[in-house]
Amino acid sequence: MAVMSYLGAIGAAQREAMEADERVVIIGEDVEANVYGTTGAGKSRKDKGDFLEMFGSNRIRNTPISEEVIVGAAAGAAMTGLRPIVDLSYSSFLYMAMDQFVNQVAKNRYMFGGQASMPVVFRSAMFYGLNTGAHHSDRPYPMFMNVPGLKIMVPASPSDAKGLLRTAVDLDDPVLTFEACPLWGLKEEVSEEEYRIPFGVGRVAREGSDVTIVAISSAVPESVAAAEALQAEGISAEVIDPRTLVPLDVDLILGSVARTGRLVVADPAHRTCGAAAEISAIVAEEAFDSLRAPIVRVATPDTQIPFSPALEKQLYPSRDGIAAAVRRVLGARPLIDAGV
Amino acid sequence: MALDRETLLQMQRRMLRIRHFDERASKMVKRGQIPGTVHTSIGQEAQVVGACMALGDGDYMSGNHRSHGHPIGKGSPLGPLMAELVGKGTGVCGGKGGSLHLADFAVGSLGESGIVGSSIPIATGAALSAKVLGNGRVSLAFFGDGAANQGCLYEAMNLAGSWDLPVIFLCENNQYALSTPAHTVTSGVIAERAAGFGIAGVRVEDGQDVLAVYDATRTAVERARRGEGPTLIEVVTYRFHEHSEGLRLGTDYRDAAEKEAWLERDPIVLFRQHLVADGVATDAELDALEAEVIAEVDEAVAFTDASPFPDPSVAFADLYTEPTPLRVAATLRGAS
């Protein structure tokens, strides 16, 4: 075990994957200089070397800022024997390559009747909550959940980031990983051994019995903090981190709701057609009888992301907002407890 | 480049396969036997076959919406292609692609794209994999004059030029993007755009001459295999049919005299004359070759007719590697 940051864990997974399989290559913007600390063993080349030194310029390549051909070429390379990991910097830049994601990456295996294999991972960082304004702050995973053929991971901890990324590189399906910049500073003990976390298997981040909070990405630590605060009020909240949105661990969510009878979904994406909307719909369709209160979503309101800290901070799911939502779904409880 | 008799006759055979395959497909569209939309390569056979035959068996290519000819030119058997056009389970894509999305990985055909220009980055990526793996393969992207104005082409040319990727960008300039004359929406000469990226560019003025296209492509393939990077080839050609089969436009966007002049330059007739004049084959031998091809197309149609449509459950296969729980499918199945 070693203490790793979120980015350090991603770097460790990338190094393991590069060492394990020569078909793994890393292409993207600024990957050679290890700008984000995910393509080197340490913080600098002097420290423990970087991937350019370790693996050579054939397997790690800086690209031009040309998202459309980066994504399409990675797909074409994946269809012909490589297993690329693509660094697209920020998630707001994915739209530049939307045609390639939607029409090529997601569809080629299907429309060619299974002839195409698509072992490629697209990494991007959701740079929200950091005062970069509307062109860097998107959390666009729900848009991609709407595209059958893609798999989507949203790791919320360093150890999950490492284990999920190893699985992603092994998969023969295209994976988009959305890394949350608000989590970059997280540090925890992470195994230095190779391990893989399967897709479609969520994690119970905190056990509880009164309400289920399904939390996504940076909403996970906020939800855990909310649950801890609620404990003092006698409320026992279970926090579930699905870890991957496609495939989604529906059974874990339904099982929890069956026990608690209440659901809050905390999702940093926009409210309309967000991941929270989909999870809410599934629970409403399949566990309606278990519900003792309406489902409440805590999501980012349907506005664009403003620059000023005075404006931006209020928008994302916070521990206070999540706790308030839990109190709302438990609204009838004090009366019952009082025997009224 | 001097080619042996077998290769020359193979060129004629593949051009004839495309012609008769597409003529049959055109008839089947009119009879309602092929659903959806179909774009034929009739008139462009020399350009397709000249390029495909300059590639090796292990080389890759990507296509576009007008792409029946590409896998045929690379050697695909006709039966699974025709079955795909009809939507049969024995189709080369199991009935999930259709005319717009043929692919035959067995011959290096990485697939057509119904999105104009969208497969150019795919072919570029195949060249990247060839370079990284060092397997000596090259990749060729077929696209039209319409796609020549898509941004992804220039992103791809820049990347391929920067990394010396073994890729050929082959523009099939049939002079019209549906009804829009290319010269009215295209600034400058397409082939000359290569210069801006420091890569080789060549224009084949007579795309009805299969040998001219072959020579230009062969030169580009050899350059790519030597590690000297990409080439942009623009081939000037003409489609003999309408943009898509059954399409009836109220405007004659193509000048009658222009059309007549190009129809006179049928690439299959021209090459046949060349083969006879050069003593490569007699008229009788070429008649026999054409009869064989017609029989092949008949067989492909018979294979198609005898093939079953896919089971409805196939709609849920091949989206991911199996097994991946597909919730939508489960719900649908449960409800039915």
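## Overall size

The radius of gyration used here is taken over C-alpha atoms, and the globule rule is 2.2 Å times the number of residues to the power 0.38. Put chain B through that rule: with 336 residues, a compact globule would have a radius of gyration near 20 Å, and chain B agrees because its own value is 20 Å. Chain A, with 340 residues, also has 20 Å, which agrees with the value near 20 Å for a compact globule of that length. As for outer dimensions, the C-alpha atoms of chain B fill a box of roughly 60 × 50 × 45 Å along the principal axes. The C-alpha trace of chain A spans about 70 × 45 × 40 Å along its own principal axes.

## What kind of model this is

This is a predicted model, where local features need pLDDT of at least 70, side-chain atom pairs count only at pLDDT 80 or more, and totals for chains, interfaces and linings use all residues. Residues are numbered from 1 along each chain as its sequence is written, while chains are lettered from A and ligands numbered from 1 in the order in which they are written.

How confident is the predictor about chain B? The mean pLDDT (the predictor's confidence in each residue, from 0 to 100) is 95 for chain B, and 96% of its residues reach 70 or more. The model as a whole scores ipTM 0.95 and pTM 0.96.

## Helices, strands and packing

Helices (H or I, at least four residues) and strands (E, at least two) are DSSP runs, numbered from the N terminus. On that count, chain A has 14 helices and 14 strands, and chain B has 12 helices and seven strands.

Call a residue buried if 20 or more other C-beta atoms, placed from the backbone, lie within 10 Å of its own. Buried residues then make up 56% of chain A and 52% of chain B. Two residues are in contact if their C-beta atoms, placed from the backbone, lie within 7 Å. Take the contacts between residues at least 6 apart in sequence: in chain A, 80% join residues at least 24 apart, and in chain B the figure is 74%.

## Two domains in chain A

The domain assignment (automatic or from a database) splits chain A into domain 1 (2–190) and domain 2 (203–331). Their C-alpha centres lie 27 Å apart. Where they touch, 23 residues of domain 1 are in contact with 22 residues of domain 2. On the domain 1 side, α7 (141–145), β6 (151–153), α8 (158–170) and β7 (175–180) of chain A each supply at least two residues.

## A helix with a buried face

Look next at α13 of chain A (residues 319–329), where A:Ile322, A:Ala323, A:Ala325, A:Val326 and A:Val329 are buried. Seen down the axis, the buried residues fall within an arc of 160 degrees (the arc of directions from the helix axis to the C-beta atoms), so they line one face of α13(A). An α-helix has 3.6 residues a turn, so residues three or four places apart point the same way. What covers these buried residues of α13(A)? The cover includes β10 (211–215), α9 (219–231), β11 (237–241), β13 (263–270) and β14 (296–300) of chain A.

## Where the chains meet

The contact between the chains takes 36 residues from chain B and 37 residues from chain A. On the chain B side, α5 (120–133) and α6 (151–163) are the elements that give two or more residues. The largest share, 10 residues, comes from α5(B).

Note on methods
A residue is buried if 20 or more other C-beta atoms lie within 10 Å of its own, exposed if 12 or fewer, and partly exposed in between; C-beta atoms are placed from the backbone.
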